Amino acid sequence: MTTARVQAWGRLEAAEHAVHRLTERSAPLPAAARPGLPHGNGRSYGDVALNPGGTLWMTRGLDRFISFDAATGVLACEAGVLLDEIIRVALPQGWFLPVTPGTRFVTVGGAIANDVHGKNHHGQGSFGHHVLGLSLLRTDGERIDCGPGLRPAWFAATVGGLGLTGVILTAQLQLMPVRSEWMQGESQPFRSLAEFFALSAAAETRHDYVVSWLDCVHASGSGQDARGILFSASHATEGPPPPPPARARRVPLTPPVSLINGLSLRAFNQAYFHRHAARAGAQRQHLLPFFYPLDSLLEWNRIYGPRGFHQYQCALPRRDEQAATAELLKAIRASGQGSFLAVLKTFGEREGLGLLSFPLPGTTVALDFPDHGASTLALFDRLDAIVREAGGRLYPAKDGRQSRAMFEAGYPRHTDFLAFRDPGLSSAMSRRIFGH
Ligand SMILES: Cc1cc2nc3c(=O)[nH]c(=O)nc-3n(C[C@H](O)[C@H](O)[C@H](O)COP(=O)(O)OP(=O)(O)OC[C@H]3O[C@@H](n4cnc5c(N)ncnc54)[C@H](O)[C@@H]3O)c2cc1C
């Protein structure tokens, strides 16, 4: 055991934790004086993977592959294996992740505990839909094997269970066959939300993956309610040999102030929109830059300076998705805050399997905000009111501040979840939204 200051991806604060590295899946959990929490690769933005003053069980040492059947695509591995490591093994054999978030540097355990989604929610649902089974270690030493057809109530609590039902030790995943490492797709500019929704619905009938970049500053005074670029693609059936792996660059230091400000943002967004609008049309791209554009710049989260940043991500039910998205954008523009990283995408009809899964049929909006203290938090309160009024919810993987009332309104099955909580586990988020 060591003591370390651990930060989430948003780098808002670094809190002291007792830290144990787990390496043996057959071993009991190390004794902890205070409640513990499993911690994957720390890619959650807020406080879902933090347990200040308590213990973190670091799972990256649980990094073994157990089996892989190249005929069926069924993979069994320990929960600290990164999606990146799965891709390296499976892709050359014609298999890929059926669902992947926008970074491949997350663990299997972290992907299950947040029931992460990708750009193909309309076709494939979320990560939990592709988990065939998992084994869970409770702090009292009990081991629970569960899956969609085995103790399904435990499975539903653990998929999207925010690390609070036990430590996931291993998982069995169904991978997806692909015929090449290339994506065939297109990009299309849109100049209003109505156009975005129409283009997105049409793209979902043609393509496996659909996502949009949104210019969160432009529309003020222009009469438009939004503009952006819609990217859609499917796995290509053939393509040239894979390119040599690109060398990742790293942000070398944390600048003294955020590099994202109103002026740089307006200029950058303007240039980005026009560059992509001019190049709209069919495109072929290797799958790594398509799925993981941010992974080529390691530690990009340092560009927001020493104060760090927030991501605000909500899901809005279908009924009010367009009106509520317009209201959110209006409030963001009025505040003069926001950043280049703004994403708009629709979710399909498949609800998550987890009691606390985030995706719901409708639309998700995600934006990064440099931390400006009280004014940023005041903006989030205004956004919360819009999301709540629309019957939506916030994504715990990105959150570090939503109130208990906001969480309870967004996640009506939270009371069912409590029966599965492990009393030996706690997090900063669980104390904020569950009180313990
Ligand atoms: C650049 C970037 C892009 C992203 N894009 C997306 C996206 O498109 N879609 C999306 O859904 N998310 C996205 N995310 C969020 C990310 O996918 C999730 O936060 C993910 O859960 C992080 O996994 P991790 O291994 O880093 O886990 P951590 O962040 O360390 O932990 C996350 C949660 O999992 C729990 N946990 C971790 N390991 C275990 C275990 N073995 N057993 C039980 N619980 C465990 C922790 O307690 C915590 O509650 C993105 C994040 C980044 C940085």
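In this predicted model, the second largest cavity encloses about 40 Å³ of space, and the residues that line this cavity are Leu97, Pro98, Val99, Phe127, His130, Leu173, Gln174 and Leu175. Sorted by class, the lining of the second largest cavity comprises six nonpolar and two polar residues, with no charged residues. The structure holds two cavities of 30 Å³ or more, and the largest cavity contains about 110 Å³ of space. This largest cavity is lined by 15 residues, among which His310, Gln311, Lys398, Asp399 and Gly400 are the closest to its centre. The lining of the largest cavity is made up of seven nonpolar, five polar and three charged residues, and strand E18, which spans residues 309-317, makes the greatest contribution to that lining, with five residues.

Strand E18 also belongs to an open sheet of eight strands, in which the order is E16-E12-E14-E13-E19-E20-E18-E21 and the pairing is antiparallel. The edges of this sheet are formed by strand E16 (281-286) and strand E21 (393-394), each of which pairs on one side only. Within the sheet, E18 pairs with strand E20 (residues 362-370) in the antiparallel sense, and nine bridges connect the two strands. At one position along this pairing, Ala315 stands opposite Thr364 in E20. Strand E18 therefore, under the run-based assignment of strands, combines two roles, in that E18 gives five residues to the lining of the largest cavity and takes part in the antiparallel pairing with E20.

A further space, open rather than enclosed under the grid criteria applied, is the second largest pocket, which holds about 620 Å³ of space. Its lining consists of 22 residues, and those that lie nearest the centre of the pocket are Arg104, Pro245, Ala246, His286 and Leu288. The elements that contribute two or more residues to this lining are helix H1 (83-90) and helix H7 (287-291), and of the elements H1 gives the most, with three residues. By class, 15 nonpolar, two polar and five charged residues make up the lining of the second largest pocket. With respect to the domain assignment, this lining draws at least three residues from domain 1 (65-178) and at least three from domain 2 (182-236 + 248-408).

Another open sheet has four strands in the order E1-E2-E4-E3, and its pairing is mixed. Strand E1 (2-7) and strand E3 (36-39) are the edge strands of this sheet, each pairing on one side only, and from one strand to the next the twist averages 45°. The edge strand E1 pairs with strand E2 (residues 14-21) in the antiparallel sense, and this pairing extends over six bridges. Among the residues involved, Thr2 has Val19 in E2 as its bridge partner.

An annotation is also available from a sequence record: in an unreviewed entry, UniProt lists residues 2-178 as "domain: FAD-binding PCMH-type". In the predicted model, the end C-alpha atoms of residues 2-178 lie 43 Å apart, and the composition of this span is 14% helix and 31% strand.

Definitions and conventions. Residues numbered from 1 in each chain as written. Predicted model: local features only at pLDDT ≥ 70, side-chain atom pairs only at ≥ 80, totals over all residues. Heavy atoms only, no water. Pairing = 2+ DSSP bridges. Axes fitted to C-alpha atoms, helices over the stretch in contact; angles between N-to-C directions. UniProt positions renumbered as here; feature names shortened; annotations may be inferred. 1 Å grid on protein atoms, 1.4 Å probe; cavity = no way out; pocket = protein on both sides within 12 Å on 5 of 7 lines; lining within 4 Å. Points joined across faces, edges and corners; volume = space filled by probe spheres on them. Nonpolar A, V, L, I, M, F, W, Y, C, P; charged D, E, K, R; others polar. Domains from an automatic or database assignment.
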